[in-house]
Amino acid sequence: MSDPVIRTRFAPSPSGHLHVGGARTALFCWAYARGHGGRFVLRIEDTDRARSSDAATTAFVADLAWLGIDWDEGPYYQSQRLEHYHACIARLLDEGRAYRAFETVEELDAARAAVRSGGGGEGDRGGGRGGYRYDRAALQLDAATIEQYLAENRPHVVRFKLPDGDRVITFTDVVRGDIEVPAAELDDFVIQKADGYPTYHFAVIVDDELMGVTHVIRGEEHLYNTARHVLLQEALGFRRPVYAHLSLIFNPDGSKMSKRDKDRAVRAAVHEKKFESPQAGISRDQWDRWLSSKKHQLPAEVTERLAGALGVALPEIEVEDFRRGGYLPEVLVNYLALLGWSPGGDVEKFDAEYLIEHFALDRIIKSPAKFDRDKLLAFNLDALQAMTGEDFRDRLRAHGERYHGEFLRTLGAGKFSMFAGASHARSKTLDDAYRGCGFLVAADDEIVYEQTRAVRKALTGGDPDGYAHLEAMRPVLGAQNDWSIAALEQCVTSYADEHAGGKLGTVAQPLRIAVSGGTVSPAIFDTLAILGRTRVLNRIDRCLATRS
RNA sequence: GACCCCAUCGUCUAGUCAGGUCCAGGACACCAGGUUUUCAUCCUGGGAACAGGGGUUCAAAUCCCCUUGGGGUCACCA
């Protein structure tokens with residue numbers, strides 16, 4: 001028999017958008033399958049009915065697609081595969097390798113709390129979980145009692161019965177090496193919840209077997225869980241896949257990078273600015289509950305609305321955040337691949353093809369990595385600058401269609417191309433081009449002149465001052481027929497040569513302020529060209545009117 | 001707390017498995033100077049690490065042990 005076809009799978013739980021950590025896992029699974037003539041399976045682990053939503057599934061399927069990660073099979077939904085889990089549970093029950101247990105969640109919580117407090121000293125907060133293990137009380141129930149409970153429809157779970165004896169569970173992880181877990185560290189864990197759904201541990205081993213998964217590449221949080229999976233596989237006679245556990249991705253401050261970071265950012269701003277009233281969309285109750293405890297999180301939409309109202313930038317955590325931020329998918333892929341894997345040597349810029357060809361499990365980094373946004377940004381800048389003008393324009397348009405519709409509506413194709421040309425060299429992200437350029441698509445009377453020192457200095461400093469130059473330039477520009485970038489440059493430069501000692505800046509800055517309201521814009525000639533003569537002259541007049 | 005994993009510049013890492021070619025290379029960030037019509041770029045130069053302590057060896061970033069630090073797991077969440 002020849003080697004079985006390699007199969008990897010990405011198996012996220014559908015809650016919210018795809019997180020960068022998940023994206024990296026997906027990327028590695030995908031690259032490994034693609035590089036080894038294998039198949040990549042997408043499976044949605046939606047066995048927690050409270051936390052799963054169709055919207056979330058749709059969202060991260062879109063996120064994966066944007067990254068260029070495609071799959072050969074699926075998406076499979078575990079919620080639609082209950083029959084498979086039930087069949088395996090029944091087998092285990094029949095063989096006495098699993099049993100029903102009738103304790104309630106409350107009872108178990110109380111038991112855990114008792115062990116914790118009885119365990120001795122005052123635990124430091126958060127720590128000291130204690131070593132609670134299920135006491136197997138349900139195993140003592142006699143058949144008649146169980147029969148009766150069942151007849152009463154008493155809710156119950158199914159627990160896996162750990163093999164007897166002091167065995168040590170061993171397995172090999174390709175990144176961590178041989179792992180040993182004494183069975184004594186485990187207890188009879190739940191494999192089927194009271195609602196009839198399998199737990200993660202159970203669904204995962206059934207599906208991996210049924211789907212022929214040969215390589216399991218997943219986050220390090222699952223390393224220890226693997227011992228349970230190994231036991232389950234043995235009990236059911238399943239094959240054992242190759243395991244590779246990836247270390248986690250952290251924030252620069254060392255905390256775990258998580259969706260909660262957004263909530264945290266908003267919370268800090270709310271406290272700082274003493275925001276009191278609840279925001280539209282949530283009740284006073286919800287608001288108070290959120291304020292009272294860091295354990296509560298606001299719905300994502302509310303968090304975003306709040307951030308907008310408070311003027312705080314939410315940290316980019318999910319793939320969609322980076323997309324909105326104007327990062328290129330190929331750059332994110334490149335950067336993510338580098339976080340936890342290295343091709344060796346000095347290579348660090350590469351594309352998906354390269355990753356597929358070179359990605360290997362034995363070069364996965366063991367230690368956790370911090371997510372460095374500066375480096376990602378630098379990579380994005382490099383990729384943007386390496387593009388042709390046409391490519392940049394097309395990408396900029398695609399980004400605008402999704403996030404900045406007003407530019408597409410206001411600027412015609414010709415003006416948009418000028419806008420792209422003017423933005424290319426100065427953009428680190430696609431979004432940079434739009435950010436701060438609202439004046440290009442605003443009406444003349446919407447321009448607000450910034451009241452800053454830099455503005456005042458450019459307008460009133462020097463002799464003659466900026467206003468005087470504006471006043472003098474106004475008829476010059478009014479008489480300018482050729483409104484091309486080159487002609488404008490010629491026109492303004494020669495004015496500067498004659499009246500400003502050749503210092504373009506003393507003329508360009510007042511002009512920039514007049515047409516944009518501030519001191520920052522694309523190159524001045526491009527800006528004037530995009531705006532067109534009428535608007536430029538209008539704005540110069542409006543600016544001159546602010547002269548005191 | 002128990003059990004387990006990890007450890008090279010501020011950050012991501014190359015080098016570690018097959019010890020010498022490494023007074024440790026690259027990238028991002030930082031600092032200094034320069035170019036530029038603003039912002040952003042761009043150019044030149046610079047500082048910056050083998051966590052600590054013991055071993056083994058002619059020789060250790062590389063092998064072993066301890067300490068310290070960081071992380072993971074301990075749910076009817078995945």
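**Parallel strands, an RNA partner and some unusual backbone spots**

In this predicted model, strand S1 (residues 7-10) runs parallel to strand S2, and 4 bridges join the two. One place to look for this pairing is Thr8, whose bridge partner in S2 is Phe40. Strand S2 itself spans residues 39-44 and is mostly covered, with 5 of its 6 residues buried. Between the two strands comes a helix to follow by eye: S1, helix H1 (residues 20-35) and S2 make a β-α-β unit, and this unit is right-handed.

Strand S2 also pairs with strand S3 (residues 73-77), again in parallel, through 3 bridges. Here Ile44 offers a handy landmark, with Tyr77 as its bridge partner in S3. To get from S2 to S3, the chain crosses through helix H2 (residues 54-67), and this β-α-β crossover is right-handed. Strand S3 holds a further point of interest, as Pro75 has its place there. The peptide bond that leads from Gly74 into Pro75 is cis, with omega near 5 degrees.

A second cis peptide bond can be found further along the chain, from Asp463 to Pro464, with omega near 0 degrees. Pro464 belongs to a loop, the one between helix H19 (453-460) and helix H20 (466-478).

Attention now turns to the RNA. Around RNA strand B there are 64 residues, of which Lys193, Tyr224, Glu348, Arg426 and Lys428 come nearest. By residue type, the surface near RNA strand B is made up of 23 nonpolar, 16 polar and 25 charged residues. Several helices and strands each supply at least two residues of this surface, among them helix H4 (105-118), strand S5 (157-160), helix H6 (200-210) and helix H22 (504-516). The biggest giver is H14, which provides 5 residues; this helix covers residues 373-385.

Which parts of the RNA lie within 4 Å of the protein? Of the atoms of RNA strand B in that range, 66% belong to sugar or phosphate, and the rest to bases. Individual contacts put some detail into this picture. A polar side-chain atom of Arg112 lies 3.1 Å from a phosphate oxygen of RNA strand B. With Lys370, a backbone N or O atom is involved instead, and it lies 3.1 Å from a phosphate oxygen of the RNA strand. Ile524 provides an example on the base side: one of its backbone N or O atoms lies 3.5 Å from a base oxygen of RNA strand B.

On a broader scale, the domain assignment of chain A gives domain 1 (82-116 + 132-246), domain 2 (260-316) and domain 3 (439-544). The C-alpha centres of domain 2 and domain 3 lie 42 Å apart.

Finally, two residues deserve a look for their backbone angles. Arg136 is not a glycine, yet it has a positive phi of about 65 degrees. Arg136 sits in the loop between H4 and helix H5 (143-151). Is Arg136 exposed or only partly exposed? Arg136 counts as partly exposed because its relative accessibility is 23%, and the partly exposed class runs between the 20% and 50% limits. Asn153, also not a glycine, has a positive phi of about 65 degrees as well. The loop between H5 and S5 is where Asn153 lies. Asn153 has a relative accessible area of 68%, so this residue is exposed.

Terms used
Residues are numbered from 1 along each chain as its sequence is written. Chains are lettered from A and ligands numbered from 1 in the order in which they are written. This is a predicted model: local features need pLDDT of at least 70, side-chain atom pairs count only at pLDDT 80 or more; totals for chains, interfaces and linings use all residues. Side-chain values use heavy atoms; hydrogens and water are left out. Buried means under 20% relative accessible area, exposed over 50%, partly exposed in between (1.4 Å probe, protein chains only). Two strands pair if DSSP finds at least two bridges between them. A crossover is right-handed if, with the strands pointing away from the viewer, the path from the first strand over the helix to the second runs clockwise. A residue is near a molecule or strand if one of its heavy atoms lies within 4 Å of it. A polar contact is a pair of N or O atoms within 3.5 Å; within protein, one must be able to donate a hydrogen and the other to accept it, and residues adjacent in sequence count only if both atoms are side-chain atoms. Ala, Val, Leu, Ile, Met, Phe, Trp, Tyr, Cys and Pro count as nonpolar, Asp, Glu, Lys and Arg as charged, and the others, Gly among them, as polar. Domain bounds come from an automatic or database domain assignment.
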